[in-house]
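Biologist: I have not looked at this model before. Please take me through how to read it, one feature at a time.

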Amino acid sequence: MTGTLLRPTRRLSGKADGRAGTRTSARRRRPGYWFVLPAVALFAIFFLYPLLSSLWQSFFSTTGGVSTWVGGAQYMRLFHDPLVGKSLFNVGLILVIQVPLMVCTALGLAYLLNQSWLRFRTGFRAIHFLPAVTTLVAYSLVFRVMLATDGGAVNQMLGMFGMSPVDWLNSEAWSRVALIASITWRWTGYNMVIILAGLQGIPAELYEAARIDGAGRWAIFAKIVIPQLRPVILFSSITSTIGALQLFDENFILTGGGPNNATLTPVLYLYKVGFQQFDFGYASAIAWLLVAIIAVVSVVQFVIMKEKK
Amino acid sequence: MPKSLKFVAPLVALTLLTGCASGGVPGATGPKLDAGAAVSGQITVWSWDVAATALKRLASSYTKEHPGATINVVDIGYDNAYDKMSVALQANSGLPDVVTVETDHMPAYIHQFPKAFTDLTPLVGGAKDEFDPSKVSASSNKDGQLLSMPWDSGTVALYVRTDYFKAAGVDPKGMGTWDELLAAGEKVKAATGHALISTDLSTGSLFQMLLQQQGQGIFTPAGEINLTSPAAVKALTLIKTMNDKGLLDNVKGWDGRVTATKNGKSAVMPSAVWWIGTLTGEMPELANKFTVVPLPAFTQGGTQTSNDGGSTLAVPTQAKNPQLAGSFVKFMLANKDNQVSMMKDEGLFPSYLPALDAPLFHEPQPYFGGEKVYELFAAQTRKIPSITYTSDNAKAGDTVSNAVVASVLNHQDPAAALKSAADQIATATGRKIAQ
């Protein structure tokens, strides 16, 4: 890769002195490496080292401050632990409901905001994108306050319509609804912007040709917009899937994973195992299980993308 | 040269990796504390809620006696306290000179981080026997070193809204058993529309309180899982019955409990003596509305108290100024006057037994309409059933809370929910289930 980048330089120096050219370029590469060194060092310290360290740790069990090598025992434990299953089930449930809901909403919004007849388009886009720039913790805390059973804004509003208060964060079903609603609020605008970019990449000629052929609004949407957007929608769906697998902040703050583990996610579970029960070996094994799942999802994404092209 | 640089990243990582197996656990025990050492400099103390208030207040009297010392008390908030401490313990850096650790968290810390806390025995010497013995054992390691100093006890009684009971025509003093309290609760609900108890089911603390009232813990003294015992089923069945009758108000977290009490959502609160501090501090407007009675018993004449929480102060081996830290801890806790003063101002009930002789414990309390509530707590403290804490209490706690939620909110049979929790704990810890 480096060679390709430096090829023009070599050609330039080659004009002056053909043989010295290679040597010059080799010497010229050196400062380049010094420039990337900070990035490499940061990557090694803050990404690679923790990564390998956790892999190493997943083969140990610590009791009484003493680590002992247990081989693959922590990985075997994953299969017998009902909470691992439950946390994956919860994520699956969120995926099946939340990702389609969010991608469809984002698609609808993006399509609307791409219409030339709409006024104040920039303003609307900014408003929809705003949730994506708020911090996870801040918005989760705001949701927690709004969803409080006793005197929360949402329940007060329901009360105005004569409805009895909903136990948002204390019941299994409602806490899942609350979690899905908050993630959807946070990420719809973000996905909308990505889809909007995809929409604007569709050549105007396609629309024009379709209209000449007499296609209606719906036919254009179904036969031109959707197929053209397929890679973008796929990208949104895959990143949202990975995002859901890594869900932590929202359920940690809203429900703490409860009630009865209804909103427990793998990352929250590994956090509890590691930092509340001090079982860092097992927590690392959970982390690597997650790495494996996400790797599979990503490979699937690559394969599908290739096929469609 | 450029080629070799390509390998820098993995090399750096590998060099770092080799260091990781030895990381995390402190290599040496802390410094040996000297009770008579001269102190100076500054320390940082982590605490929360009324405990932090007490430390801040008495820090100034400490610095008056020790002019060279500066005490910096930080209220880190209860919700994040243990996360912060656990991370700092694991990383072996980031802890202040003194930390507040609740009594029931201490055994897990002692077991998992055996070298993380400084032995406080040299500071108190023979005076160790003057602390509540159950607290001393929870704070000691197997070599008998005192790794945190007992601060306050969590003697439990029942806080009752007298106005609600009056409206229902029930005498709060006449409730000897939980059955009688439930009957009273139904009358109160009919008369006032209020629930009986506000609690956060997802913490499981009410269940553990009721279990300890019957003299049992999550583990038996032999270290076996004790969730299938009749006492455990009885405790969970009681909570479920309460909920089924509409007498339970499920709230979220500490803030939820405080808000529910402040708003008068329920008629009674089974809680520890430190709840007085929260009542007088956060809801002075409710003065004269509460009375305190012993906890209802499971059977007539049974134990009428339990334990809920209580704290200790520990000096981590990471402390930069352990001598000053130790001296401050001793000044706060192994000291009759200061313990009495914290009882008076913050409602922190002393674990230091000589303090219980103070006249304060026999004085009428204006907040409770002139009743001598401390006398009641002092009398009940001696009756708290002792239970066994194991290194797995932290691990089991979550599973137990989920069993409580599964049974009470999802209408699972209490015995079945507890059996499945016991099975899970057995798998996770390798412990046996007691027969």
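Biologist: How many residues does each chain give to the contact?

Modeller: Contact means heavy atoms within 4.5 Å. Here chain B gives 41 residues and chain A gives 39 residues. The model is predicted: local features need pLDDT of at least 70, side-chain atom pairs count only at pLDDT 80 or more, and totals for chains, interfaces and linings use all residues. Residues are numbered from 1 along each chain as its sequence is written, chains are lettered from A and ligands numbered from 1 in the order in which they are written, and side-chain values use heavy atoms, with hydrogens and water left out.

Biologist: How much area do chain B and chain A bury between them?

Modeller: Buried area is the accessible area (1.4 Å probe) that two parts lose on being put together, summed over both. For chain B and chain A this is about 3,500 Å², with 61% of it on carbon and sulfur atoms.

Biologist: How many salt bridges does the rule find across the interface?

Modeller: A salt bridge is a side-chain nitrogen of Lys or Arg within 4 Å of a carboxyl oxygen of Asp or Glu. The rule finds 2 between chain B and chain A. B:Asp398 forms a salt bridge with A:Lys272, and their closest N and O atoms are 3.6 Å apart.

Biologist: Which helices of chain B supply the side that touches chain A?

Modeller: Helices (H or I, at least four residues) and strands (E, at least two) are DSSP runs, numbered from the N terminus. Those supplying at least two residues each include H1 (2–5), H2 (8–18) and H17 (393–408) of chain B. H2(B) gives the largest share, 7 residues.

Biologist: In what order do the strands of the sheet with S2 and S4 of chain B stand?

Modeller: Two strands pair if DSSP finds at least two bridges between them. The order of this open sheet of 5 strands in chain B is S2-S1-S3-S10-S4, with mixed pairing. S2 (69–75) and S4 (149–150) of chain B each have a single partner strand, so one side of each is left without a neighbour in the sheet. Strands S1 (41–47) and S3 (98–102) of chain B run parallel and are joined by 2 bridges; B:Val45 has B:Val98 in S3(B) as its bridge partner.

Biologist: Which strands does helix H3 of chain B touch?

Modeller: Axes are lines fitted to C-alpha atoms, for helices over the stretch in contact, and angles run from 0 to 180 degrees between N-to-C directions. H3 (49–65) of chain B packs on the sheet and touches S1, S2, S3 and S10 (311–314) of chain B, its direction making about 170 degrees with that of S2(B).
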